[in-house]
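Trainee: Please take a close look at a single part of this structure for me. I am new to it and would like to see how that part sits in its surroundings.

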Amino acid sequence: MDAEAAKMIGAGIAAIPLAGAGVGIGIIFGNFLSGAFRNPSAAAANQQTLLIGFALTEFTGLLGFVIAMILLYVV
Amino acid sequence: MSAVDHLFAATAFAGPMEQFEIVSIFPFGTENINLEFTNASLWMLISVLVASAFMFAATNKAQLVPGRMQSAAEMLYQFIANMLRDATGGEGMKFFPYIFTLFVFIFLCNLLGLLPTIPGVPHALHVFTPTSHIIVTFALAMVTFLLVIITGFYKQGFGFLKMFVPTVPLWLLPLITVIEVLSFLSRPISLSIRLFANMLAGHLILKLFAGFVVGLLAADGLFKAIAIIPLLGNVGVFMLEILVAFLQAYVFAMLSCIYLNDAVNEAHH
């Protein structure tokens, strides 16, 4: 296989982590909402934790994006 | 050539990656050390100037009952102060100037990078987002990282190393300590990649959608009408990007607060 083609395929494969990040972010916000509806008075205090969880989860997807960018433009 | 064709001709050569190119404005430095003033430096300088101008204007004639500008500045102050106090419990309030500067600088770099470029200006003056370059975000993350290490050893001495040794069963200890050290060392990497990748991805999507609009408008007949779809999409993405610009600055500042908490307060786990 041509090296250029292999790079393109690799970059495509590196986009798969986005699926995991999407599922993870969905779980975080979904669980926060279900908790917040049960006890609305405690929701505001936990927003910071929500955003930290969101940022940490999103990172795994972004790593995939960075790998794709490295494959396409750096290697 | 119509106006639309002209636009298309201009963008046909400038791909979506063109916006991240570093262009020298003012060459400076010796043969081995490059200190030139680039468009990245220019936009960092602009965000510092905008932040300073805003804070000076807002607090210039401070009154007991604040006006509009002053309340905006006070809200910003309160917002960061509460975040830092929640994370470090008052002990870390000495670092308020650092966290405040960090937040405002990153937020303005992100936000000013979303401005549209005036058509026809030279490449060096195109709107540029400094935070879309990993070296900028990595430098900011390293400042936080070194600050945590130096403050930790200064305040707690070698007790700072207790942070890596949580209370777990003895046979787990070697494994957990290695994991704790690795997770500590990966902090600057995750901090910098999160901010940089968000900015890079967001701006790429904006430019790709804008390219679709121009490309479809250049097509003939009924295809022109389809251009409304990527245009509306771009409006949505742009609103999301404004949110992301704030959220990433907030996350960066908040994680810095949490990391500083390890340094100023003794670990108790």
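**A helix between two chains**

Mentor: Of the 269 residues in chain B, 25% count as buried (20 or more other C-beta atoms within 10 Å of the residue's own, with exposed meaning 12 or fewer, partly exposed in between, and C-beta atoms placed from the backbone). This is a predicted model, in which local features need pLDDT of at least 70 and side-chain atom pairs count only at pLDDT 80 or more, while totals for chains, interfaces and linings use all residues. Residues are numbered from 1 along each chain as its sequence is written, and chains are lettered from A and ligands numbered from 1 in the order in which they are written.

Chain B has 9 helices and 2 strands (DSSP runs numbered from the N terminus: H or I of at least four residues for helices, E of at least two for strands). The C-alpha trace of chain B spans about 75 × 55 × 45 Å along its principal axes.

The part to look at is α3 of chain A, residues 47-74. Its 28 residues, at 1.5 Å each, should span 40 Å, and the end C-alpha atoms lie 38 Å apart, which agrees (the expected span is 1.5 Å times one less than the number of residues). α3(A) has a kink of about 30 degrees centred on A:T60 (the angle between axes fitted to the seven residues ending there and the seven starting there).

Buried residues of α3(A) include A:E58, A:G61, A:L62 and A:F65. An α-helix has 3.6 residues a turn, so residues three or four places apart point the same way. The cover over the buried residues of α3(A) includes α1 and α2 of chain A, and α7 and α9 of chain B.

The contact between the chains takes 10 residues from each of chain A and chain B (C-beta atoms, placed from the backbone, within 7 Å). On the chain B side, α7(B) gives the most, with 6 residues.

α3(A) also has a share in the largest nonpolar core, which has 46 residues (buried Ala, Val, Leu, Ile, Met, Phe, Trp, Tyr and Cys joined through C-beta atoms within 7 Å). Among the elements supplying at least two residues each to this core are α3 of chain A and α7 and α9 of chain B. The largest share, 12 residues, comes from α9(B). One of the residues with the most contacts inside the core is B:I99, whose contacts include B:L84, B:A253 and B:C257, leaving out residues up to four places away in sequence.

Definitions and conventions:
Contact = placed C-beta atoms within 7 Å.
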